[in-house]
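Open the model in your viewer and keep the selection tool at hand. The stops below go from a pair of helices to a run of paired strands and end in a loop.

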Amino acid sequence: INYLISKYKLKNYLEIGVRDGTNFNKIEIDSKIGVDPEPTNECFGKIRVMTSDEYFLKIKDTGVKFDIIFIDGLHLDYQVDLDLKNSLKHLSKNGFIIMHDCNPPTKFHQRENYELKNHKTPFWNGTVWKSYVKLRMNNPNLNMCVVDCDWGIGIIQKGKQKTIKNIKNLRYKDLKSDREKMLNLISIYEFLCE
């Protein structure tokens, strides 16, 4: 995120799903806002203690735009779909939407239920990938890729893309069968050289 901020001289940032501020506190930008209904630690910057739905409703008619939006809230596609829809409305012309957890390595990682096992957090990507793939199937007015690192970092910009074959009722086996094409998966090297 800081790489994109520096490279494109981005000015304002929104983070959906701040949690303990680990990521939020490291963001180096002029203006940043975090949204989380239950942040767990002190975060440096403006934190809105509310859901992303409540926040987007609050700024609905204000004309507020962000240069970069990081979506890392509730990892279930029904909520990510809403976060993407709202984020696209509030994205500046040359802005970026960044999504975490777009490339679950196994079926277990993409399960819908987030459970603690022996008071430890097992790896969980949720169904974020489904929201990303739905955009790849249905929106030709975006430029999208997933960087193959840290469970898959989705990058979305306004632009043009060739949509992929529409699949109803996406299942993990669909992702597994053609992961590179469905996600437009690129290496870190390809990302840095674009």
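Start with helix 3 and helix 4 of this predicted model: their crossing is right-handed. To find the contact itself, select D77, V80, D81 and L84 on helix 3, then V128, K130, S131, K134 and L135 on helix 4. By class, the residues of this contact are four nonpolar, one polar and four charged.

Two values describe the geometry of such a pair: the angle between the axes and the distance between the axes. Here helix 3 covers residues 77–89 and helix 4 covers residues 128–138; their axes come within 7 Å and cross at roughly 45°. Helix 3 is therefore oblique to helix 4.

Next, select strand 5, residues 91–99. How many of its nine residues are buried? The count is seven, and strand 5 is mostly covered. Buried here means under 20% relative accessible area.

Keep strand 5 displayed and add its pairing partners. Strand 4, residues 66–71, runs parallel to strand 5 and is joined to it by five bridges. To see one bridge pair, pick I69 and its partner in strand 5, I97. Strand 5 also pairs with strand 7, residues 153–158, this time in the antiparallel sense and over three bridges. For this pairing, pick M99, whose bridge partner in strand 7 is G154.

Move on from strand 7 to strand 6, residues 142–147. Strand 6 and strand 7 run antiparallel and are joined by six bridges. One pair to pick is M144 with I156 in strand 7. Which residue in the turn of this hairpin has a positive phi? Select D150, where phi is about 45°; the hairpin has five residues between its two strands.

Last, go to V64, in the loop between helix 2 (52–58) and strand 4. V64 has a relative accessible area of 29%, so it counts as partly exposed; that class lies between the buried limit of 20% and the exposed limit of 50%. Leaving aside residues up to four places away in sequence, V64 touches I59 and H90. Now set a C-alpha to C-alpha distance from V64 to K89: it should read 9.3 Å, for two residues 25 apart in sequence. K89 also brings the tour back to its first stop, as helix 3 spans residues 77–89.

Methods. Residues numbered from 1 in each chain as written. Predicted model: local features only at pLDDT ≥ 70, side-chain atom pairs only at ≥ 80, totals over all residues. Heavy atoms only, no water. Axes fitted to C-alpha atoms, helices over the stretch in contact; angles between N-to-C directions. Helix = DSSP H or I, 4+ residues; strand = E, 2+ residues; numbered from the N terminus. Parallel < 35°, antiparallel > 145°, perpendicular 65-115°, else oblique. Left-handed = near helix turned anticlockwise from the far one by under 90°. Contact = heavy atoms within 4.5 Å. Nonpolar A, V, L, I, M, F, W, Y, C, P; charged D, E, K, R; others polar. Buried < 20%, exposed > 50% of the residue type's maximum accessible area, 1.4 Å probe, protein only. Pairing = 2+ DSSP bridges.
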